[in-house]
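Let's take a walk through a protein together, stopping at a few places where parts of the chain meet. Keep the sequence and the 3D view side by side as you read.

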Amino acid sequence: MNTYGNSSPKAESLSTGNFDAKGYIEDEFFKGVEPDSYMPVSEWADKYRVLSSKSASEPGRWRTDRTPYLKEIMDCLSPKSPIQKVVFMKGAQIGGTECGNNWLGYVMHKAPGPIMAVSPTVEMAKRNSKQRIDPLIEDCPELKKLVAPARSRDSGNTMLSKDFPGGVLVMTGANSAVGLRSMPARYLFMDEIDGYPQDIDGEGDPILLAERRTATFNKRKKIFLVSTPTIKGLSNIEREFENSDKRYFFVPCPFCGAYQRLEWKQIQVEDGNVFYVCEHCGGHIGEHYKTQMLASGRWQATASSDGVTAGFHLSSLYSPIGWLSWKECVAIYEKTKKNPSLMQGFQNTILGETFEAESDAPEWQRLYEAREIYPIGTVPYGGLFLTAGVDIQKDRIECEVVAWGRQKQSWSVEYFVLDGDTARPEVWRKLENVLTKDYPHESGVTLPIRVMCVDSGYATQDVYSFVRQFSQAVWGGNGARASQPRTVVAVKGQSRDTAMLLSTSKADTRKKGLKVWNVSGPVIKTELYRWLRMERVGEDASQFGRCHFPQYAEEYFKQLTAERQVVRISNGYPKPVWEKDPARRNEALDCRVYARAGAAIYGLDRMSEKAWAELEALIPANPEAKPKKKPARFIQMKATKVDDPWL
């Protein structure tokens, strides 16, 4: 047995007595001096690649003719191609990652050298190793001979490293500067690069950091960048694609033969049938023609380049028959009409295009004019649970109580400005009055504040002292109700935009110490401004995300829209930043951000139908004909222990 646990030709020959020492030495010598294979990657994949049932929807022998648009991409990665960098900006269900895996297998077998494969995070690199790389090696006999079993002693086969004769495959995450500096690499595969951080440990862009590892290989290097895009102006893959020759896949019309790109504007629906309208002859192309169209398709460059960088763009409209259909794309698009927040996902993952986020703040005048007639301090029908967001200043505490209902609708119930030095206990007792108050519902019942989020960025220790008085048992999403109906949590705003609720951290070193919730201001503000911009036309308009406001004064709406998102250049790379209008205050916006974080903690984003039904069961049914209420300006508000600045 050889080192890798497989029978060597020499061992087999010795056992049969037919060993030719001279011939064996010659074979091994010529293997050592053999130049990089002239077999293209696509041909290697057709001959050797086997797709595993663990990661592929169509397991079995790889067939490039199933996805003919990948042939030129793979062949640009072959040693004989002069292309040194390949950029692939794509939609979903296209085969981009498997294209990269074909290349990795080819390198290990035919053109060995040091390879670095980078995922957005180290955890994703581990998952990719287990779900894709291990099956790639295990199901391909030629690769299995080259890589020792992981169980072998000193095998060089670990979760993030695969040794093979002549090279090594190292997998790492873009969030690890150490991993990106670990070794020089002739081959670099960077997957889903739009998921990479803009800066890593203060060392700059992880893409540039990784590309430096290939510098010593000069013209022999190969770099493959793959990703679905994200936000226009911030997308890594868009930036790389714009610096390439920008190739698009043109396919012939089955009726007139004219070549064209598949574009969303040409997709039409008639009597439930989805078809593509030829831009040349107007013919209605059914999806069953797609196979023959793809087989005859060709890539066409649309921009000049440096001659060593090739860029490819492909939307999911090219997805082969049996993967993602045009009809499914239309169904996804129809959902965006009811829920505009899904539009970015449609443009990114279906069209393979960047989403142009609106950076300007909503117009406060329009929001002011759209105020509704319901009593301040009362929860209207539709509101099912309450949260509160609290902003701490030196001389006051500001707080907004918000009701939440189905389809993520919200109603501002009451806004408080509690004057007083926050270093003294009196103002904190005012906040406790806000928390312990039961708020009347339009149906006649009362609702408590379920989660109050208090910003701990200022007067931190005073905030912690206040929060410790109340239970921190958090619940929600499964219909279960807490034994303590009011929960107060300390929160801290973060600039990261990876998730709404980022993490929790301890405020002290005690075993069961106070936890601080880290929340993403950019994520919540982006969502809020998208909801505030939505036009509402007629009673049948979509209610998803609709924000309702009572008869507040102008100042509230000026504060709610006091910030906007702009793109600044940081360390040479674009970075989104939220900036405040210097002429306005922004406490109302901060309070709404923290109230939204409270709703997320309670379970708004994962609420089941059963949970919604149980909340609704606590509210008497809305009568068909309710008596008209007097306008809010005529309503005599009950005196409270706190001040309301918006009356």
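In this predicted model, start with Glu138, which has a relative accessibility of 46% and so counts as partly exposed, because that value falls between the 20% limit for buried and the 50% limit for exposed. Its partner is Lys144: the two form a salt bridge in which the closest N and O atoms are 2.9 Å apart. Lys144 is partly exposed too, with a relative accessible area of 40%.

That pair is one example of a kind of link that turns up 33 times here, for that is the count of salt bridges. Let's visit some others. Arg585 forms a salt bridge with Glu398, and here the closest N and O atoms are 2.8 Å apart. Arg585 sits in the loop between β27 (573-580) and α19 (587-602), while Glu398 belongs to strand β17 (residues 396-404), so this pair ties together parts that are 187 residues apart in sequence. How well covered are the two partners, Arg585 and Glu398? Arg585 is partly exposed, at 39% relative accessible area, whereas Glu398, at 0%, is buried.

Another salt bridge joins the side chains of Arg596 and Glu527, with 2.7 Å from N to O. This pair also links distant parts of the chain: Arg596 is in helix α19 and Glu527 in helix α17 (residues 521-533), 69 residues apart. Both of these residues are buried. Salt bridges can also join up into something bigger than a pair, as you can see with Lys85, Asp205, Glu211, Arg239 and Glu240, which are linked in a network.

Now let's turn to two helices. Helix α3 (residues 41-48) packs against helix α5 (residues 96-110) at an angle of about 90°, and their axes are 9 Å apart. The two helices are therefore roughly perpendicular to each other. Which residues make the contact between α3 and α5? From α3 come Val41, Trp44, Ala45 and Tyr48, and from α5 come Asn102, Trp103, Gly105, Tyr106, His109 and Lys110. Sorted by character, the residues of this contact are six nonpolar, three polar and one charged.

Val41 from that contact leads us to the next stop, since Val41 is also among the residues touched by Asp75. Asp75 is found in helix α4 (residues 70-76). Is Asp75 buried or exposed? With 18% relative accessibility, Asp75 is buried, because the limit for that label is 20%. Setting aside neighbours within four places in sequence, Asp75 is in contact with Pro40, Val41, Ser42 and Ser81.

A little further along is Ser78, in the loop between α4 and β3 (85-90). At 0% relative accessibility, Ser78 is buried. Leaving out its neighbours within four places in sequence, Ser78 is in contact with Met39, Pro40, Val41 and Lys222. Pro40 and Val41 therefore appear in the contact lists of both Asp75 and Ser78.

Our last stop is Ser341, in the loop between α12 (326-338) and α13 (343-350). Ser341 has 24% relative accessibility and counts as partly exposed. Look for Trp531 as well: Ser341 and Trp531 are 190 residues apart in sequence, yet 8.3 Å apart in space from C-alpha to C-alpha. Beyond its neighbours within four places in sequence, Ser341 is in contact with Arg530 and Phe544.

Methods. Residues numbered from 1 in each chain as written. Predicted model: local features only at pLDDT ≥ 70, side-chain atom pairs only at ≥ 80, totals over all residues. Heavy atoms only, no water. Helix = DSSP H or I, 4+ residues; strand = E, 2+ residues; numbered from the N terminus. Buried < 20%, exposed > 50% of the residue type's maximum accessible area, 1.4 Å probe, protein only. Contact = heavy atoms within 4.5 Å. Salt bridge = Lys/Arg side-chain N within 4 Å of Asp/Glu carboxyl O. Axes fitted to C-alpha atoms, helices over the stretch in contact; angles between N-to-C directions. Parallel < 35°, antiparallel > 145°, perpendicular 65-115°, else oblique. Nonpolar A, V, L, I, M, F, W, Y, C, P; charged D, E, K, R; others polar.
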